[in-house]
Amino acid sequence: MKKVLFLSGLILLSLTTFAQKKKPTKKAVPSKTISADSTELLNKNQIKNTIQQVEDHVEASLSTKDLSSNQDGLKRYYDSYKITLHAGEEMTIEHSSANFRVMLGLKSPNKQQKTEFSYDSNPFTGNSYNKFHFKAPTTGTYTLLATSMDAGQLGKYSIKKTIYTTSAIESQVDPELTQNFKNLLASKKNNFKDILGEKQKKDKKDKAVDKAAGQERYNAKAEIIKGKPAIIIVDNGGQTANYKSVVFESESEDDTKAYFSTLKKQLQVLTRSWLEQPATDQYFSASTDQDILTINISSVEDKKKKKKLWQLVFTLN
């Protein structure tokens, strides 16, 4: 899944149409545009009064009778939907299809704001899914354009639209975790220097390994989970730093997976605008252009007790 704001040189979108990227030619072929026909199918429910979260669903299909763009002989078909948003409201669009790679564009009522695009960047293997997050900067009626990433594709697709207030979505997360996570993100901007504790003592073997890797390890002054200490691994002479903490440890793999599931759901809320990677019951990762968050389960041997332990490790780098 990929979210990106395309420049006009990458993908051309008129007020009413998508068009594929083309190479310059001596005689450019003009694109043919058909007027958009926005519907209200995804605009039935809106936040008001005490309602803090609403959903709308649509099952539809791309066909040769739909709106289309035509450039260099290649057509892309699309459907258009109206969505009313108020400034500060957040929206998630889940777009899926078993017939083609999905792509959408969201046009702002403010013509000065560029259209945002989001699409499934994975190769099509029989099922395509993309999740797009948006926080409205402007009150008004937005236009959602649902299409295929590859030109000329037809078939069924589904869209689930969820609109919510920031307070409503973050109420699902433990307040302490929310604050700790936000503090860590703020600290990471300065390579965690404000929470850098004492340098860890190491034996000769560990010192040699870290020296070869160009790393130094420090105790962290801040915890993502209360009572779970963390370390900060500094690389490249202080140019980069990673925050790492074992947030759960158990002799039971099932208990560790259960804790992983609970923590993952909360982190998905806190990183809802990030690019999320395919997750498993032992791995979750989300990223931005500057940050990468990972939680994963690994096993270690407790030599003293001669038992296998399962650890859930949180990493921010």
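**A tour from hairpin to cores**

Begin by selecting strand β7 (residues 74–85) together with β6, since the two pair in the antiparallel sense over 5 bridges. In this predicted model, Q71 stands opposite L74 in β7, and the hairpin of β6 and β7 has 2 residues between the strands, with D72 taking a positive phi near 55°. If you now show the surroundings of β6 (residues 67–71), you will find that 4 of its 5 residues are buried, so the strand is largely enclosed by the rest of the structure.

Next, select β5, β13, β8 and β11, which in that order form an open sheet of 4 strands with antiparallel pairing. At its edges stand β5 (53–62) and β11 (128–135), each with a single partner strand, so one side of each is left without a neighbour in the sheet. From one strand to the next, the twist averages 15°. Within this sheet, look at β8 (residues 90–97), which is joined to β11 by 8 bridges in an antiparallel arrangement, and pick out E94, whose bridge partner in β11 is K131.

Then move to the largest nonpolar core, which has 34 residues and in which I224, Y243 and F314 have the most contacts. Among the elements that each supply at least two residues of this core are α2 (175–188), β17 (240–250), α4 (253–270) and β21 (307–316), and the largest share, 5 residues, comes from α4. Centre the view on I224, and residues that I224 touches will appear, including L177, F181, L184, Y243, V247 and F314. Finally, select Y81, I93, V102 and I159, which are included in a second, separate core of 24 residues.

Note on methods
Residues are numbered from 1 along each chain as its sequence is written. This is a predicted model: local features need pLDDT of at least 70, side-chain atom pairs count only at pLDDT 80 or more; totals for chains, interfaces and linings use all residues. Side-chain values use heavy atoms; hydrogens and water are left out. Buried means under 20% relative accessible area, exposed over 50%, partly exposed in between (1.4 Å probe, protein chains only). Two strands pair if DSSP finds at least two bridges between them. Axes are lines fitted to C-alpha atoms, for helices over the stretch in contact, and angles run from 0 to 180 degrees between N-to-C directions. A nonpolar core is a set of buried Ala, Val, Leu, Ile, Met, Phe, Trp, Tyr and Cys residues joined through side-chain atoms within 4.5 Å. Contact means heavy atoms within 4.5 Å. Lists of a residue's contacts leave out its neighbours within four places in sequence.
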